[in-house]
Amino acid sequence: MDGDVLDDVMRRLGEAGGDFAQIWNAVADEAADIVEIRHAPPSPALDGLRTRENFLGYVEEEAHVFPRSFEDCSIGLEVERAGSTVVWNPLSFSGRLVDSGRQVSIRFRVVLHFADGRLCCVDGSPTADNAKADIVAWLKAVESIGGFNPPPAIRDGNV
């Protein structure tokens with residue numbers, strides 16, 4: 001079952017081009033009822049289990065905010081499939097930041113885990129080749145446009 005779903009996900013990712021919303025849409029339809037988001041290094045404010053609805057809100061917020069932090073965002077994506085996972089390595093955002101005009105390229109490795117044909121976990125981490133100063137400048141640019149404010153994870157059993 002995962003094979004057919006992942007074949008379709010890979011096809012949709014190939015069709016998404018550099019549109020970050022379309023990249024997330026290529027996998028979001030396959031979200032399970034509960035999806036775990038994990039960051040390395042950990043991000044307690046963002047990590048945790050989410051209902052499908054909150055996960056979809058999370059990726060919608062990310063697809064809206066991250067490109068807006070750039071004056072002229074260019075998005076790159078390299079995708080591979082490994083068993084029941086789809087790996088984005090790298091997912092890159094490049095361009096001039098809205099608040100400073102600084103030219104940066106921010107790269108992430110994102111691993112999408114599937115079980116029974118459903119997306120159940122997303123692991124994200126910046127790649128080692130990012131310059132710390134670029135990450136800090138980018139985070140400031142995100143804050144300058146109102147910040148990244150996704151729906152919360154499930155806390156203490158509350159959905």
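User: Which residues is serine 92 in contact with, leaving aside its neighbours within four places in sequence?

Analyst: In this predicted model, serine 92 is in contact with Ser74, Ile75, Gly76, Ile106 and Arg107, once neighbours within four places in sequence are set aside. Serine 92 itself lies in strand 4.

User: Is serine 92 buried or exposed?

Analyst: The term buried applies under 20% relative accessible area. Serine 92 has a relative accessibility of 14%, and therefore counts as buried.

User: How does aspartate 7 count on that scale, and where does it lie?

Analyst: Aspartate 7 belongs to helix 1, which covers residues 2-16. Its relative accessibility is 45%, so aspartate 7 counts as partly exposed. As for its position relative to serine 100, the two residues are 93 residues apart in sequence, and their C-alpha atoms are 41 Å apart in space.

User: How should a pair of aromatic rings be read, and how many aromatic pairs are found in the whole structure?

Analyst: In general, such a pair is described by the distance of the centres and the angle of the planes. A search of the whole structure finds nine aromatic pairs. In the pair of phenylalanine 66 and tryptophan 138, the ring centres are 5.0 Å apart and the planes stand at 80 degrees, so the pair is edge-to-face.

User: Which parts of the chain does the pair of phenylalanine 66 and tryptophan 138 tie together?

Analyst: Phenylalanine 66 lies in helix 3 and tryptophan 138 in helix 4, so the pair ties together parts 72 residues apart in sequence. Both residues are buried. Ring pairs also link them into a cluster with Phe20, Tyr58, Phe93, Phe108 and Phe148.

User: What separates the C-alpha atoms of serine 92 and phenylalanine 66?

Analyst: A distance of 11 Å separates these C-alpha atoms, and the two residues are 26 residues apart along the chain.

User: How is empty space found, and what is the volume of the largest pocket?

Analyst: The general idea is that rolling a probe the size of a water molecule over the atoms shows where empty space is left. Here the largest pocket has a volume of about 600 Å³. Of the 30 residues that line it, the closest to its centre are His39, Leu46, Phe66, Phe108 and Trp138.

User: Which elements supply the lining of the largest pocket, and how do its residues divide?

Analyst: At least two lining residues come from each of strand 1 (31-39), helix 3 (52-68), strand 4 (85-96), strand 5 (103-115), strand 6 (118-126) and helix 4 (132-144). The lining comprises 21 nonpolar, four polar and five charged residues.

Definitions and conventions:
Residues are numbered from 1 along each chain as its sequence is written. This is a predicted model: local features need pLDDT of at least 70, side-chain atom pairs count only at pLDDT 80 or more; totals for chains, interfaces and linings use all residues. Side-chain values use heavy atoms; hydrogens and water are left out. On a 1 Å grid over the protein atoms alone, a cavity is a set of points where a 1.4 Å probe fits but cannot get out, and a pocket is an open set with protein on both sides within 12 Å along at least five of seven lines; lining residues have an atom within 4 Å of a point. Grid points are joined across faces, edges and corners, and a volume is the space filled by probe spheres set on the points. Helices (H or I, at least four residues) and strands (E, at least two) are DSSP runs, numbered from the N terminus. Ala, Val, Leu, Ile, Met, Phe, Trp, Tyr, Cys and Pro count as nonpolar, Asp, Glu, Lys and Arg as charged, and the others, Gly among them, as polar. Buried means under 20% relative accessible area, exposed over 50%, partly exposed in between (1.4 Å probe, protein chains only). Rings of Phe, Tyr and Trp (its six-membered ring) pair if their centres lie within 6.5 Å; planes under 30 degrees apart count as stacked, over 60 as edge-to-face and the rest as tilted. Contact means heavy atoms within 4.5 Å.
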